[in-house]
Amino acid sequence: MIKKAMVMAAGVGSRLDPLTQKIPKPLVPVLNKPVMDILLQKLKDYGIEKVIANTHYLAQQIQERYSKNSPVDIQFEYIHEDTLSGTAGGVKKCEFFFDDVEDFLVVSADGLHDADLEKIIRSHKESGCIATMAISAVAHEEVCHYGVVVPSAEHLVSEFQEKPDIEEAKSNYINTGIYVFNKRIFDFIPEGQKYDFAKNVFPSLLAAGEKINVYRIYSYWSDIGTIEQYIQSNIDALNRKVLIKTPGIMRKFNSLYVVGEDTRIDSSVQLSGNVVIGNNCSIGKNVTLENVILWDNVKIAPNVTLKNVVCANNTIINSPVEGKNKWEIIGPDKVIEYCNV
């Protein structure tokens, strides 16, 4: 029904620092697969043929990955934003891409979900609305972290609350960043201005008497916008709460784990809890890994114990590292000696 989509991929990912020091947020891996790979494959599986992305931070990495020998067989275009123009402003810059269609899909590059896009699109078509927003329920104590949507009995948006205080929240439904728009949406986004959907476009639509359709997704949804959400997304994927096409989730005693390609692990290594080991890693003798996420090209010296650790690319760890009250996060290209994280 819809053949074109936009991926919002321009965010800096500052809340994921230091993991995003040398990699843009859309390429942060979940179970060793960049989250944008997962998203593009999902779009392709639902019949999307052409995708455009807005890029900004470390944009060349995204542009090169999907424009040349892309791991996902989908037609990919991009624009580069020298200055960020907001969620809606970025979509406005891609208006030319949708000249030949009536409706199109917009998704966030940091979303990880099992949402049925076909049902969302069908709901949009049947509603006749200018916009459809996928919403998901979260625990009431979590609403302060999200854009809250107050739906009506007719499955239309009646009100928005942007990250409200818990006691002031009128709903526990949140905006997932999955949208279907009619091309009339561009009439509500001025050109050349910084403009956001939540702050600017959606209130303008309601003020103009336009109806915004909502579709509740009951399946898994998360984003990887924070360190905590990133860790939880990997754990959820390991435990198959969200389905990612990745080879070899394995179980050994009390551990669920994934090992990337060309990785060498000594037979004496002990695994516990949820463990993700990236590509081209080297894990030495008598190493213990408990609740660990290692990216690519990580080397662990013999006799080292890691517990509650996320480690980015190209890091050498020669001493034990343990996150006690929270996980330890190690940025890229580090050499860890004497527990000095």
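Helices (DSSP runs of H or I, at least four residues) and strands (runs of E, at least two residues) are numbered here from the N terminus. The structure is a predicted model, in which local features need pLDDT of at least 70 and side-chain atom pairs count only at pLDDT 80 or more, while totals for chains, interfaces and linings use all residues. Residues are numbered from 1 along each chain as its sequence is written, and side-chain values use heavy atoms, with hydrogens and water left out.

Helix α5 (197-207) is followed by Gly209, which has a positive phi near 85 degrees. Within α5, the buried residues (those under 20% relative accessible area, as against exposed at over 50% and partly exposed in between, with a 1.4 Å probe and protein chains only) are Phe197, Val201, Phe202 and Leu205. Seen down the helix axis, these residues of α5 fall within an arc of 85 degrees, and they therefore line one face of the helix; the arc is taken from the directions between the helix axis and the C-beta atoms. Lys199 and Ala207, by contrast, are exposed on the other side of α5. The buried residues of α5 pack, with contact meaning heavy atoms within 4.5 Å, against β1, α3 (86-92), β8 (131-137), β10 (157-162), β11 and β12.

Side chains of opposite charge can pair when their charged atoms come close. A search of the whole structure for salt bridges (a side-chain nitrogen of Lys or Arg within 4 Å of a carboxyl oxygen of Asp or Glu) finds 12 of them. One of these is formed by Glu210 and Arg184, with the closest N and O atoms 2.8 Å apart. Because Glu210 lies in the loop between α5 and β12 (212-216), and Arg184 in the loop between β11 (173-182) and α5, the pair ties together parts that are 26 residues apart in sequence. Arg184 is partly exposed, at 35% relative accessibility.

A salt bridge also joins Asp110 to Lys25, where the closest N and O atoms are 2.9 Å apart. This pair links distant parts of the chain, since Asp110 is in the loop between β6 (103-108) and β7 (111-113) and Lys25 is in the loop between β1 (4-8) and β2 (29-30), 85 residues apart. Asp110 is buried, with a relative accessible area of 12%, and Lys25 also counts as buried, at 14% relative accessibility.

Arg65 and Asp37 form a further salt bridge, their closest N and O atoms being 2.7 Å apart. Here the link runs between helix α2 (residues 59-67), which holds Arg65, and helix α1 (residues 35-45), which holds Asp37, the two residues being 28 apart along the chain. Arg65 is partly exposed, with a relative accessible area of 30%, whereas Asp37 is buried at 7% relative accessibility.
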